[in-house]
Amino acid sequence: MEAAASDTIVALSSGSLPAAIAVVRMSGPRAPEVAEAIAGALPAPRTASLRVLRDPSDASPIDEALVLHFPAPDTATGEEIVEFQCHGSNAVVRKLIDVMTSVKGCRLAQPGEFTRRALESGRVDLTAAEGLGDLLAAETEAQRRSALRIARGGLHDELASLLEKLVTLSARLEAAIDYVGDEEETGGQDDALRAEFAAIRDKVDELIAKPSVEPLREGIRVVVGGPTNAGKSSLINKLAGSARVIVSDIHGTTRDLVEIPVSIGGVPFTLVDTAGLRESDDTIEQIGIELAGQAQRDADILLWLGDPDQMPEHPRAILVRSKSDLDETSDGTGIAVSSKTGDGLPSLMAKLTELARGIVPTADEIGLSDWQADTLRVVRETLDVHSEDLAILADSVRSARVSVGRLLGAGDVEDVLDRLFGKFCLGK
Ligand SMILES: Nc1nc2c(c(=O)[nH]1)N(C=O)[C@@H](CNc1ccc(C(=O)N[C@@H](CCC(=O)O)C(=O)O)cc1)CN2
Ligand SMILES: Nc1nc2c(ncn2[C@@H]2O[C@H](COP(=O)(O)OP(=O)(O)OP(=O)(O)O)[C@@H](O)[C@H]2O)c(=O)[nH]1
Ligand SMILES: [K+]
């Protein structure tokens, strides 16, 4: 059957089974009648009530569950919603969903389809939906804080205010262009419009300067480099809190890039172990050393465990004197760290969190995803006209409006939605 927007959709909205309790959600026009056929009379709106759920085809019981009815339009999707909080076994959930989806016009939801409907009904905008996607994927405090702020409309509000300014200016420009009047009388008015145009351009510059959420999504890339046997793998294991990569006294143990996600101070980092640098005849090791060099250049932060004179140039490099428990000839440069005793680890972690502040949004900053930043750059280019001619300014404002509208989910954004909702969990 072709998936239609008017279908009633069903999904398991809670996590993997078995679980103590599972939430099965149904959204769409047929939700109340289907729920009534299964659970009998619906409870009062937004009130949980215990019901025996039955298969309407033979009245056999499926489970005993809590039922909630959220009447349209004031719901998460803007549609009729019924939720079942049932026992979280595979058999119960499968039977319940089978019974629901056997009804005509009722089918399994696609990933992200509840949120897509929330977007289509105007309950959330595109920035909030994107924030929600990040919130569902959040593993660390910094990810959760940033995503929640955006999911709750933090970025929407700033973009909506920009759009409103563009719409107002657009109307004023059109009026001024149409007005045929006294030059002197309109001159001051026209200058005010030109000033407003410049102010909006500045506002876009301000928005573009916001930090990126991308390193927050992927984890800040900390590449650990240095000669063989410097203690790179040992340090990564220590930072990760468990033995994740192979440590040995054999030189050239690590050959591939190994990525280990960790949370330090609530901030997500991806630690990257690399092949130790040395002269080698081994082809595989040579490839590993090449990859190491590339990874170091691409790193957000470079941890260098080696001779300070050999340290590659990098805007955010931390010099680490490893194996400080053995170090008799300490010359005081860099951070002395021992993976054996743990000495110096707190200083190193503090340094990492300090550098992170310049890479990911801080607790009270709102960040931009790559496509949002790219779209704002398009807006900025559109507004990059320096003409006295109001008609030219009006053209540029009109195009800018379209792009800012797209950021909020207006116009042709199917490609953006497919990319976004493709990553969503089923049932959201
Ligand atoms: N059981 C359950 N828990 C959940 C959700 C859910 O759908 N079901 N959510 C799913 O995302 C989140 C909560 N989000 C929600 C967003 C809006 C509305 C809602 O009904 N909004 C109406 C009425 C608000 C009111 O007055 O209470 C509205 O905005 O008009 C409900 C949940 C997290 N927890
Ligand atoms: N005493 C002491 N030994 C350490 C410390 N860190 C690492 N080692 C030892 O040094 C040796 C090499 O450690 P690795 O962590 O494998 O070094 P690596 O830099 O990853 O080595 P490659 O994979 O060869 O590049 C192992 O025998 C570790 O036990 C330390 O802080 N103190
Ligand atoms: K080694």
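This is a short talk on two ligand sites, two nonpolar cores and a few single residues in one structure.

The model is predicted, so to speak of local features we need pLDDT of at least 70, side-chain atom pairs count only at pLDDT 80 or more, and totals for chains, interfaces and linings use all residues. Residues are numbered from 1 along each chain as its sequence is written, chains are lettered from A and ligands numbered from 1 in the order in which they are written, and side-chain values use heavy atoms, with hydrogens and water left out.

I start with ligand 1. Around ligand 1 are R25, R46, D74, T75, A76, E83, R123 and K428; a residue is listed there if one of its heavy atoms lies within 4 Å of the molecule. By class, that makes 1 nonpolar, 1 polar and 6 charged residues. Here Ala, Val, Leu, Ile, Met, Phe, Trp, Tyr, Cys and Pro count as nonpolar, Asp, Glu, Lys and Arg as charged, and the others, Gly among them, as polar.

Which residues make polar side-chain approaches to ligand 1? R46 places a polar side-chain atom 2.6 Å from an oxygen atom of the ligand, and for R123 the distance from a side-chain N or O atom to a ligand oxygen is 2.3 Å. E83 has a polar side-chain atom 2.5 Å from a nitrogen atom of ligand 1. Taken alone, ligand 1 exposes 680 Å², and the protein buries 43% of that. Accessible areas come from the Shrake-Rupley method with a 1.4 Å probe, and for residues only the protein chains shown count as cover.

Next is ligand 2, which has 22 residues around it; K232, S233, S234, G252 and D325 come nearest. The side chain of D325 has a polar atom 2.8 Å from a nitrogen atom of ligand 2. Two backbones also take part: a polar backbone atom of T254 is 2.8 Å from a ligand oxygen, and a backbone N or O atom of N229 is 3.1 Å from an oxygen atom of ligand 2. Alone, ligand 2 exposes 650 Å², of which the protein buries 87%.

N229 has another feature. Its phi is near 65°, a positive value in a residue other than glycine. N229 is in the loop between strand 7 and helix 9. Helices (H or I, at least four residues) and strands (E, at least two) are DSSP runs, numbered from the N terminus. Most residues other than glycine have a negative phi, and most peptide bonds are trans. K323 also has a positive phi, of about 50°, and is not a glycine; K323 lies in the loop between strand 11 (317-321) and strand 12 (335-336). As for peptide bonds, those from L17 to P18 and from A72 to P73 are cis.

Helix 9 (residues 232-240) has K232, S233, L235, I236, N237 and L239 as its buried residues. Buried means under 20% relative accessible area, exposed over 50%, and partly exposed in between (1.4 Å probe, protein chains only). Their cover includes strand 7 (220-225), strand 8 (258-264), strand 9 (267-273), strand 10 (301-304) and helix 11 (345-356). Just after the helix, G241 takes a positive phi of about 80°. Is G241 buried or exposed? At 65% relative accessibility, G241 is exposed.

Now the cores. In soluble globular proteins, nonpolar side chains tend to be buried together. A nonpolar core here is a set of buried Ala, Val, Leu, Ile, Met, Phe, Trp, Tyr and Cys residues joined through side-chain atoms within 4.5 Å. The largest has 38 residues, with L126 and L173 having the most contacts inside it. Helix 4 (126-137), helix 6 (154-178), helix 7 (183-208), helix 12 (370-382), helix 13 (390-407) and helix 14 (414-422) each give two or more residues to this core. Apart from it lies another core, of 30 residues, among them A230, I260, I318 and V360.

Leaving aside neighbours within four places in sequence, L126 is in contact (heavy atoms within 4.5 Å) with residues including L119, W371, L407 and V416. T127 is also in helix 4 and is buried, with a relative accessible area of 0%. A polar atom of the T127 side chain lies 3.4 Å from the backbone nitrogen of H156.

The last residue is R117, in helix 3 (residues 113-120). R117 is buried, at 5% relative accessible area. What joins the side chains of R117 and E79? They share a polar contact of 3.1 Å. A polar contact is a pair of N or O atoms within 3.5 Å; within protein, one must be able to donate a hydrogen and the other to accept it, and residues adjacent in sequence count only if both atoms are side-chain atoms.
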